[in-house]
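Trainee: Could you take a close look at the aromatic pairs in this model, and then place them in their surroundings? I would like one connected account rather than a list.

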Amino acid sequence: MDAFYASVELLRYPQLRGQPVVIGGRRDHRPEQLPDGSWRYARLRDYVGRGVITTSTYEARALGVHSAMGMMKAAALAPDAVLLPVDFDAYRHYSRLFKAAVVQIAPVMEDRGIDEIYLDLTDVDGAQDGTDDDPMAGVRRVAERIKQAVKDATGLSCSIGVTPNKLLAKLCSDLDKPDGLTLLMPEDIPTRIWPLPVKRINGIGPKATQKLQGLGIDTIGQLADCTLDWLVEHFGGNYGQWLYHAARGEDDRPVVTYREAKSMSRETTFERDLHPKLDRDRLSQVFTRLCEQVAADLARKGYVGRTVGIKLRDHAFKTVTRSVTLPQPTRDAATIRHWAGQCLKTVPLDRRLRLLGVKVESLQKGDEPEPDCAKQPETLPLFDGV
């Protein structure tokens, strides 16, 4: 989906189309309609505090504002950009709508998150109806039907990459955004893929990109010229082999129609650093809410979990995690909070905190057994002894 969160917001505020818009504000950044019918919007220059961009419109991206960028840094680049709060309920609603529309045409779907899917078009009616002049004519028509179905169901646009495998499909779906349709055959790889920078391959992150550039490799084509032995020597057996095949557009992963969740977590970054002693009440409230949110997520998706963990990040960006395995699986909020609190007691709480998170892992489908620690959350003190 194209700039998904931002595009959903533009359905609600169509008057903002064509403007730089940033999603990531708080509830008090909601637009206000004035008596004369006009709207008052929060602007990025007025943002005060810590926070990161969730997403932005393409107009804001053209100004250098991207997802995961700090709000204050973004404000320096685009001070007049409109700032809107996130609304995950709305995004989930439109996510369900677009996926339901797609599977009516292409039922073999791998769900990769709220705004992205993989499809296997092999057995879709008409997908193999190519011609000598245009071997991808049939699959092009199918892709155009999918795009129109998404548009009809949601009012939103999507971009599709039609290729022989998932690695190339992911890469090509980004080439012609927004509202793009990119078709690629293996013989097109040298002209379409190899001139691109190596970071465009999903799986080559900032550290690997920096190392590759230090070795004189900037483009995918240059990576494809490397021998397998040389890549293994510099990047290890597994990653070196993956780089060798990825640069050549080789990927044999199937479309997986069902994937068990491995963990569920909730975390929050504070507007200001909180001290475990001076801000104990506030931290305890946030901690309880995170546990309740994780419990609600587990219940909604029908999971229980046996491992409870926490995540702390202090003012110096040092991250600490702790976890514990429970006697039996749970999705009870009080139980999760109790065991997360036990993890918390193993961490020296002597620094101001910027982030707090709670996770439940080792998930399995099932009902909630009788909790072994059915205490009311507010009776469980936290951050004691500091």
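Mentor: What follows begins with the ring pairs and then turns to the sheet, the nonpolar cores and one loop residue. Please keep in mind throughout that this is a predicted model.

A search of the whole structure finds 9 aromatic pairs. In one of them, Y5 and F88, the planes stand at 90 degrees to each other and the ring centres are 5.7 Å apart, so the arrangement is edge-to-face. Because Y5 belongs to helix 1 (residues 4-12) and F88 to helix 4 (residues 88-103), this pair ties together parts that are 83 residues apart in sequence. The two partners differ in their surroundings: Y5 has a relative accessible area of 15% and is buried, whereas F88, at 36% relative accessibility, counts as partly exposed. The second pair to consider is Y13 with Y41, which is likewise edge-to-face, with 6.4 Å from centre to centre and 85 degrees between the planes. Here Y13 sits in the loop between helix 1 and strand 1 (21-25), while Y41 sits in the loop between strand 3 (39-40) and strand 4 (42-43), so parts 28 residues apart in sequence are tied together. Y13 counts as buried at 11% relative accessibility, and Y41 also counts as buried, at 14%. Returning to Y5 and F88, ring pairs link both of them with F4, Y91 and F98 into a cluster.

Rings also take part in contacts with charged residues. R248 lies over the face of Y244, at 3.7 Å from the ring centre, and K365 is placed over the face of Y303, at 4.3 Å from the centre of that ring.

The sheet comes next, since strand 4 and strand 1, which flank the loops of Y41 and Y13, both belong to it. It is an open sheet of 4 strands, in the order 4-6-1-5 and with mixed pairing. Strand 4 and strand 5 (55-56) are its edges, each pairing on one side only. Strand 4 pairs with strand 6 (residues 82-85) in the antiparallel sense, over 2 bridges, and A42 stands opposite L83 of strand 6.

Strand 1 and strand 6 reappear in the largest nonpolar core, to which helix 1, helix 4, helix 5 (137-154) and strand 9 (160-162) also each supply at least two residues. This core holds 36 residues, of which L16, L121, I146 and V162 touch the most other members. Helix 5 gives the most to the core, with 6 residues. Leaving aside residues up to four places away in sequence, V162 touches L121, M136, V139, A143, L181, T182, L183 and L184. A second, separate core is made up of 29 residues, including L274, L298, L312 and L349.

Finally, H66 is found in the loop between helix 2 (58-61) and helix 3 (71-77). With a relative accessibility of 39%, H66 counts as partly exposed. Apart from residues up to four places away in sequence, H66 touches I53, S56 and R61. The C-alpha atom of H66 is separated by 35 Å from that of E233, a residue 167 places apart from H66 along the chain.

Note on methods
Residues are numbered from 1 along each chain as its sequence is written. This is a predicted model: local features need pLDDT of at least 70, side-chain atom pairs count only at pLDDT 80 or more; totals for chains, interfaces and linings use all residues. Side-chain values use heavy atoms; hydrogens and water are left out. Buried means under 20% relative accessible area, exposed over 50%, partly exposed in between (1.4 Å probe, protein chains only). Contact means heavy atoms within 4.5 Å. Rings of Phe, Tyr and Trp (its six-membered ring) pair if their centres lie within 6.5 Å; planes under 30 degrees apart count as stacked, over 60 as edge-to-face and the rest as tilted. A charge sits over a ring if NZ of Lys or CZ of Arg is within 6 Å of the ring centre and within 35 degrees of the ring normal. Two strands pair if DSSP finds at least two bridges between them. A nonpolar core is a set of buried Ala, Val, Leu, Ile, Met, Phe, Trp, Tyr and Cys residues joined through side-chain atoms within 4.5 Å.
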